[in-house]
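Biologist: I want the reasoning behind each label, not just the label. Shall we go through them one by one?

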Amino acid sequence: PDGVHPAWLPPEAFRAIGSRRTLVRGDGPLVDTVRDEVTLACVRYGGRVRHPLPGGRDGPGPPPDLVLALRSAGPLPAVAETVLAGFGAIGDEGFVVARHDGVTVVLADEPAGLLYGLFHVVRLGERAFGAAVPAEHHRPATRRRMLDHWDNVDVHPVMGQVERGYAGGSLFWRDGVLREDLSRVRAYGRLLAACGVNAVAVNNVNVHATEASLLTDRLGDVAAIAAELRPYGIRVHLSVRFSSPVVLGGPPTADPLDEDVRKWWAAVTERVYARIPDFGGYVVKADSEGQPGPFTYGRSHADGANALADALEPFGGVVHWRAFVYDHRQDWRDRATDRARAAHDHFVPLDGLFRGNVILQVKHGPMDFQVREPVSPVVAAMPATRLAVELQVTQEYTGQQRHVCYLAPMWSDVLGFRPWGPAGPAVARLAAGAAGDGGGLVAVSNAGDDPYWTGHPLAQANLYAFGRLAWAPGADPATILDEWIDLTFAPSAPGGLERLRPTLHAIMDDSWRTYERYTAPLGVGFMVRPGHHYGPDVDGYEYTPWGTYHFADRDGVGVDRTRATGTGFTGQYPPPWSEVYERLERCPDELLLFFHHVPYGHVLRNGSTVIQHIYDTHFAGAEQVAEARSLWERLAGTGSVDPALHARVKALIDEQLRCAEEWRDQINAYFFRKSGVPDAHGRRIP
Ligand code: GCW
């Protein structure tokens with residue numbers, strides 16, 4: 001669409017394909033998408049799409065450079081048969097790619113696989129048409145790779161239109177109605193398919209009155225969005241309010257065991273599928289931060305989730321039931337209540353009680369998307385439940401898309417974490433499910449109607465990286481960044497990427513750790529301004545009911561979550577982590593204050609004291625932002641990046657530096673005043 005940045009799919013990304021001869025073989029809507037993509041590219045760059053003749057024979061002309069074919073598409077060109085020899089099932093979304101006898105061949109069992117294969121060739125660009133390459137089999141690690149939008153139809157008086165959205169308004173709704181022009185939704189679906197996402201939940205999990213009716217009266221909106229995303233293999237899910245029966249004119253109760261309530265959900269769900277046959281299912285935030293839930297009726301979360309699951313089951317739909325359930329009205333004076341424990345305390349006793357089409361959606365950390373948290377112990381504690389791990393692409397607690405914070409290294413750590421130690425499975429495997437039937441990966445989207453999609457242009461990399469890691473959790477974050485750089489910038493940097501690439505790596509590779517350095521230290525979390533969560537406010541949440549405390553006093557800081565003397569949270573982990581986190585001398589530095597309350601003079605494993613580490617990291621973090629800023633400035637006028645994009649990033653980095661310095665000064669001043677310990681290097685602390 002006009003005026004919208006093409007992100008990682010500028011037209012030039014299709015040059016290599018568009019300047020060649022391609023044969024597309026197969027039928028069905030997603031194959032049509034592949035054919036349309038190739039055709040468009042060829043119109044632009046002078047290549048040809050060859051159409052098979054009726055009866056499966058290929059049209060006249062020279063042999064193709066690229067074959068994109070479904071295995072079932074009848075007799076395949078000889079080169080494709082050669083590539084396929086010896087291959088068993090390729091899988092629903094998988095593809096086989098090879099370069100053989102001067103032909104690049106992409107083969108799939110199912111249309112979705114062909115689509116992902118096409119985007120693989122796009123990523124390769126010219127490299128796809130070079131030397132011979134033996135057949136590679138690509139398949140997603142997880143079946144469902146989903147983005148949740150926290151979009152409202154209306155503009156919410158406090159949260160705005162997109163809750164925790166930092167990229168403008170919703171892509172779907174405007175002025176209280178579905179947008180008339182949905183071409184951007186289609187473009188969004190295309191971007192998502194190109195990085196491997198295959199599901200989108202369209203609305204906020206805090207479901208307000210207007211949005212509740214998306215399930216019934218406004219179902220047409222959901223159907224229209226689904227129609228735009230379908231050509232890119234993306235299924236639509238809907239966040240629903242647990243009290244829907246009551247608020248949408250059904251029975252006067254939402255008791256999940258009430259027969260009328262169950263009938264109501266069944267009838268409503270049937271109507272949803274009549275309209276959207278490939279509808280994915282419901283997302284539910286229940287008994288959480290004021291949302292209604294089964295507790296109102298004395299029922300369990302298994303009862304609640306199962307009622308909706310039963311309604312979806314006949315149609316193959318799933319319920320994503322969120323595990324983000326905790327007491328947000330706790331008494332700060334009460335040291336025994338620990339929000340980190342809540343999800344495990346609530347849900348682990350229910351393991352085995354959920355229907356097969358319930359997916360328990362667990363935030364990756366036990367608190368709330370902080371820059372540093374341990375992996376949620378729930379992930380390892382519910383073997384009889386399908387679990388999805390939820391990440392946050394939108395940068396609520398990581399700089400709100402004003403700060404550069406490339407999150408792939410954090411996600412990669414999370415996905416690679418092994419709850420039972422080195423011999424056990426990693427989180428990515430648990431989300432995928434041993435038999436491929438796990439809940440998958442979900443992330444809160446950072447996209448909105450901003451011309452750059454994500455507010456900060458460099459935040460596009462996070463959206464791209466989420467999809468790529470959901471597809472291949474073992475992928476290297478720096479390699480993913482390179483893919484994103486090549487696709488996004490190579491075409492518009494006629495001078496090449498010699499300057500831009502190293503600059504982007506210098507600014508982005510370590511930006512998550514930089515952000516960690518200048519914000520809340522050593523895993524303690526929060527210390528943000530309450531409400532909007534931007535910028536520092538060390539005690540902002542300290543005496544509130546939200547359960548997010550640091551307990552700093554004149555002697556020390558941190559939350560004692562040990563079994564020996566604290567809240568016992570460490571006991572929610574299996575060994576070895578239950579022991580590693582419990583023991584001060586074994587606990588990783590970066591999580592020290594998440595698990596322990598220690599004196600300022602406590603010596604970390606890295607040899608520094610806690611207080612000196614706080615000073616050092618805060619000075620270093622702000623300095624690194626200053627360096628990033630000057631690196632970015634040096635690109636100005638070099639032609640390596642579009643001037644408008646350069647200017648946007650420049651303005652944001654200025655703000656990032658201002659904010660990082662404020663963080664540095666507040667945190668350092670706070671802990672200097674509390675502890676009275678001076679900085680060993682005598683630097684200025686206000
Ligand atoms: O991170 C917190 C946010 C809330 C959000 C909640 C959740 C949608 O501050 O805005 O609500 O998490 O995940 O449900």
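Modeller: A residue is near the ligand if one of its heavy atoms lies within 4 Å of it. There are 15 residues around the ligand, and Glu163, Lys285, Arg322, Lys363 and Glu396 come nearest. Keep in mind that this is a predicted model.

Biologist: What makes the approach of Lys285 to the ligand a polar contact?

Modeller: The cut-off is 3.5 Å between N or O atoms. A polar side-chain atom of Lys285 is 2.6 Å from a ligand oxygen. That value is within the limit, so the pair qualifies. Arg322 has a polar side-chain atom 2.7 Å from an oxygen atom of the ligand. For Glu396, an N or O atom of the side chain is 2.6 Å from a ligand oxygen.

Biologist: How much of the ligand's accessible area does the protein cover?

Modeller: On its own the ligand has 340 Å² of accessible area, and the protein covers 97% of that.

Biologist: Now the rings. Why is the pair Trp8 and Tyr464 called edge-to-face?

Modeller: There are two tests. Ring centres must lie within 6.5 Å, and planes over 60 degrees apart count as edge-to-face. By this rule the count comes to 30 aromatic pairs. For Trp8 and Tyr464, the centres are 5.2 Å apart and the planes meet at 65°, so both tests are passed.

Biologist: Which parts of the chain does that pair link?

Modeller: Distant ones: Trp8 is in the segment before α1 (15–18), and Tyr464 is in helix α14 (residues 460–471). The two are 456 residues apart. Both Trp8 and Tyr464 are buried.

Biologist: And what makes Phe569 and Tyr573 edge-to-face?

Modeller: Their ring centres are 5.4 Å apart, with planes at 85°, so this pair is edge-to-face. Phe569 and Tyr573 are both buried. They also belong to a cluster linked by ring pairs, together with Phe417, Trp577, Tyr581, Phe594 and Phe595.

Biologist: Phe417 is in that cluster. Why is Phe417 called buried?

Modeller: Buried means under 20% relative accessible area. Phe417 has 12%, so it counts as buried. Phe417 sits in the loop between α12 and α13 (427–432).

Biologist: How do you know that Arg561 sits over the ring of Phe594?

Modeller: CZ of Arg must be within 6 Å of the ring centre and within 35 degrees of the ring normal. Arg561 lies over the face of Phe594, at 4.3 Å from the ring centre. The distance is inside the limit, so that test is met. Arg561 also reaches the backbone: a polar atom of its side chain lies 2.9 Å from the backbone oxygen of Phe594.

Biologist: Is Arg561 buried or exposed?

Modeller: Buried. Its relative accessibility is 4%, and the cut-off is 20%, so the label follows. Arg561 is in the loop between β19 and α18. Another charge over a ring is Arg20, which lies over the face of Phe129 at 4.1 Å from the ring centre.

Biologist: What is the geometry of the peptide bond from Pro575 to Pro576?

Modeller: That bond is cis, with omega near 5°. Pro576 is in the loop between β19 (556–557) and α18 (577–582). Most peptide bonds are trans, and most residues other than glycine have a negative phi.

Biologist: Which phi value does Ala7 have?

Modeller: A positive one, about 55°, although Ala7 is not a glycine. Ala7 is in the segment before α1. Its relative accessible area is 1%, so Ala7 is buried.

Biologist: Where is Gln400, and what is its phi?

Modeller: Gln400 is in the loop between β17 (386–392) and α12 (408–416). Its phi is positive, near 50°, in a residue other than glycine. With 4% relative accessible area, Gln400 is buried.

Biologist: How is the chain divided?

Modeller: Into domain 1 (11–138), domain 2 (145–492) and domain 3 (515–559 + 597–675). The C-alpha centres of domain 1 and domain 3 are 49 Å apart.

Biologist: How far apart are Ala302 and Arg355 in sequence and in space?

Modeller: They are 53 residues apart in sequence and 8.2 Å apart in space, C-alpha to C-alpha. Ala302 is in helix α10 (residues 301–312). At 3% relative accessible area, Ala302 is buried.

Definitions and conventions: Residues are numbered from 1 along each chain as its sequence is written. This is a predicted model: local features need pLDDT of at least 70, side-chain atom pairs count only at pLDDT 80 or more; totals for chains, interfaces and linings use all residues. Side-chain values use heavy atoms; hydrogens and water are left out. Domain bounds come from an automatic or database domain assignment. Rings of Phe, Tyr and Trp (its six-membered ring) pair if their centres lie within 6.5 Å; planes under 30 degrees apart count as stacked, over 60 as edge-to-face and the rest as tilted. Helices (H or I, at least four residues) and strands (E, at least two) are DSSP runs, numbered from the N terminus. Buried means under 20% relative accessible area, exposed over 50%, partly exposed in between (1.4 Å probe, protein chains only). A polar contact is a pair of N or O atoms within 3.5 Å; within protein, one must be able to donate a hydrogen and the other to accept it, and residues adjacent in sequence count only if both atoms are side-chain atoms. Accessible areas come from the Shrake-Rupley method with a 1.4 Å probe; for residues, only the protein chains shown count as cover.
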